Amino acid sequence: MGKHYLVGGNLIDGTGAPARPLHWLEMDGERITRIEAGEGPGAPLPPDATSTEDARGKTVMPGLIDAHCHISYGVARGIEEQDLFASAEYRSIRGVYHARTVLLSGVTSFSDPGGSWFVAVAVRNAIKAGLFPGPRISAAARYLSTHAALTDYFPSWVGSPRSGVGALTEGESQMVNEVRDQVKNGVDFIKIAASGESSVLTPGGGSVPAFNAAELKVIVQEAHRLGRRVTAHARSGQSVMDCVDAGIDWIMHADFMDTQQADRLAASGIPCCPALTFTANVADWGHIAGCSQARIDRFRRDLDKAIVNLSYAWRNGVTMMCGTDSGFAVTPYGEWHARELELFVSLLGMSPLQAITCATRHSSITVDAQNTGTLQVGKLADMLVVDGDPLADIRILQDRTRLTTIYLGGQAIDRTPQPPMQRWPWERSLQISERELYQTTVASALCAA
Ligand SMILES: [Zn+2]
């Protein structure tokens, strides 16, 4: 693989610097080796430059990085499909199919903050080995959880299934042991279910802190001792603060922080991935997906609070990253990864350039900040050539037909569409109906027809 050049266009390099005219960008192998950009004519294209792509009139920017995508969930419609149905083997094979779907939407890296078995690790390894095309992945495994945590979904008489996304850890020794076992099995980082199911609320709003502060410290210390980073699902302000005190590397959601707590998070320098897309998809379009009205209403209330709390946090210095919680039926792979940027603009008040920085440089913290996230000499050539200007309309990044070329490590990826995927009955939960069929239900349905 020799040198390849992008010629012309407008360069958004992902560092947060304003866009500037691109004269040419040189890739040698998988890395960026030279960039000629800015006002003025710039140095001429080397005379031996034969392999080129004309990007005039287009935007050149880093590939998107989704800081929150669950590859093992398999477009789950509910907790049973997330936790019980489909084997580890099938989930892994299904995962490599879905990983390519993610790549085709312009996402060149994603972070998988927890899932069943070691599916994300297997998918990451299969892609790295060259068996299948897909984005760069950083992988966690089962969320460390307690009986008060998210992921302990089922009644106590059923317990926490081995196939579930939560690893129940009772006491510090089990927590330490789980971290060691996950590291042995190849995770890049540890995920903690630091707060509970959102139906069990603290008086201040937000789910209950599921671990005490001392337990969080033990987990983070052991992971760091073994050279692994840690993130947490933390919604209530108290659990965010406990995670900050424990030295967590980045935080998920944090949507019920008060202003003091947000100020403390900002002072800590710990970045935050709100993952608003999941909530907004249910609030805006849950009725189309068959979500219950109660769920839609609750998500709308949560989103309204998140907008207030997180826009304060962002304005006061919290580093924001773009993640979508893709992997559910309300957030299928490849569909909504760029919607988070739109929501950062429309709900948090960012400029399109600021949102792009969140989805590239900031989100790269969760995968590989040293080699990805910005277009700079020495970095991997993971980038997009976009037909249009996302600074004028951030929503165009959601339109896959606008992505002229997707480069992954200096190679334009094969854009052949994915074959349609058939779903098997044994991937699905055994629900007989969505609603109850009373005589009155039948009568009013027949009446309406
Ligand atoms: Zn998630």
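Hi everyone. Let's start with two helices, α8 and α10, which are roughly perpendicular to each other. They pack at an angle of about 85°, with their axes 9 Å apart, and an angle from 65 to 115 degrees counts as roughly perpendicular. Who makes the contact? From α8 we have Leu276, Thr277 and Ala280, and from α10 we have Arg339, Glu340 and Leu343. If you want to find α10 on your screen, look at residues 339-346. Please keep in mind throughout that this is a predicted model.

Helix α8 also leads us to another helix. It is among the elements that cover the buried residues of α9, along with β14, α7 and β15. Helix α9 runs over residues 293-315. Which of its residues are buried? They are Phe299, Asp302, Ala306, Asn309, Leu310, Ala313 and Trp314. The spacing in that list may make you think of a general point: an α-helix has 3.6 residues a turn, so residues three or four places apart point the same way.

We can also check the length of α9. At 1.5 Å a residue, its 23 residues should span 33 Å, and the end C-alpha atoms are indeed 33 Å apart, so the two agree. Just after α9 comes glycine 317, with a positive phi of about 105°.

Now for a sheet. Three strands form an open sheet in the order β7-β8-β9, and the pairing is parallel. The edges are β7, residues 64-66, and β9, residues 136-139, each of which pairs on one side only. From one strand to the next, the twist averages 10°.

Let's walk across that sheet. β7 and β8 are joined in the parallel sense over 3 bridges. Here leucine 64 stands opposite valine 107, while isoleucine 65 has serine 109 as its bridge partner in β8. Serine 109 also stands opposite arginine 136 in β9, where β8 and β9 pair in the parallel sense over 4 bridges.

Is β8 buried or exposed? Here 6 of its 6 residues are buried, so β8 is largely enclosed by the rest of the structure. Helix α3 lies across β8 and β9, running at about 150° to β9.

That brings us to the largest nonpolar core, which has 125 residues. Which of them touch the most other members? Those are Ile192 and Ile251. And the helix we just met, α3, residues 119-128, gives the most to this core, with 6 residues. Take isoleucine 192 as an example. Leaving aside residues up to four places away in sequence, isoleucine 192 touches Tyr143, Leu144, Phe211, Leu216, Ile219, Val230 and Ala232.

Last stop: some antiparallel strands further along the chain. Strand β16, residues 383-386, and strand β17, residues 403-408, run antiparallel and are joined by 4 bridges. In one of these pairs, leucine 384 has isoleucine 406 of β17 as its partner.

β17 also pairs with β18, residues 411-412, in the antiparallel sense over 2 bridges, and there tyrosine 407 stands opposite alanine 412. How many residues lie between the strands of this hairpin? There are 2, and glycine 409 in the hairpin takes a positive phi near 55°.

So, as you explore, two good places to begin are the α8 and α10 contact and isoleucine 192 with its neighbours in the core. Thanks for listening!

Technical notes
Residues are numbered from 1 along each chain as its sequence is written. This is a predicted model: local features need pLDDT of at least 70, side-chain atom pairs count only at pLDDT 80 or more; totals for chains, interfaces and linings use all residues. Two strands pair if DSSP finds at least two bridges between them. A nonpolar core is a set of buried Ala, Val, Leu, Ile, Met, Phe, Trp, Tyr and Cys residues joined through C-beta atoms within 7 Å. A residue is buried if 20 or more other C-beta atoms lie within 10 Å of its own, exposed if 12 or fewer, and partly exposed in between; C-beta atoms are placed from the backbone. Two residues are in contact if their C-beta atoms, placed from the backbone, lie within 7 Å. The expected span of a helix is 1.5 Å times one less than its number of residues. Axes are lines fitted to C-alpha atoms, for helices over the stretch in contact, and angles run from 0 to 180 degrees between N-to-C directions. Angles under 35 degrees count as roughly parallel, over 145 as roughly antiparallel, 65 to 115 as roughly perpendicular and the rest as oblique.
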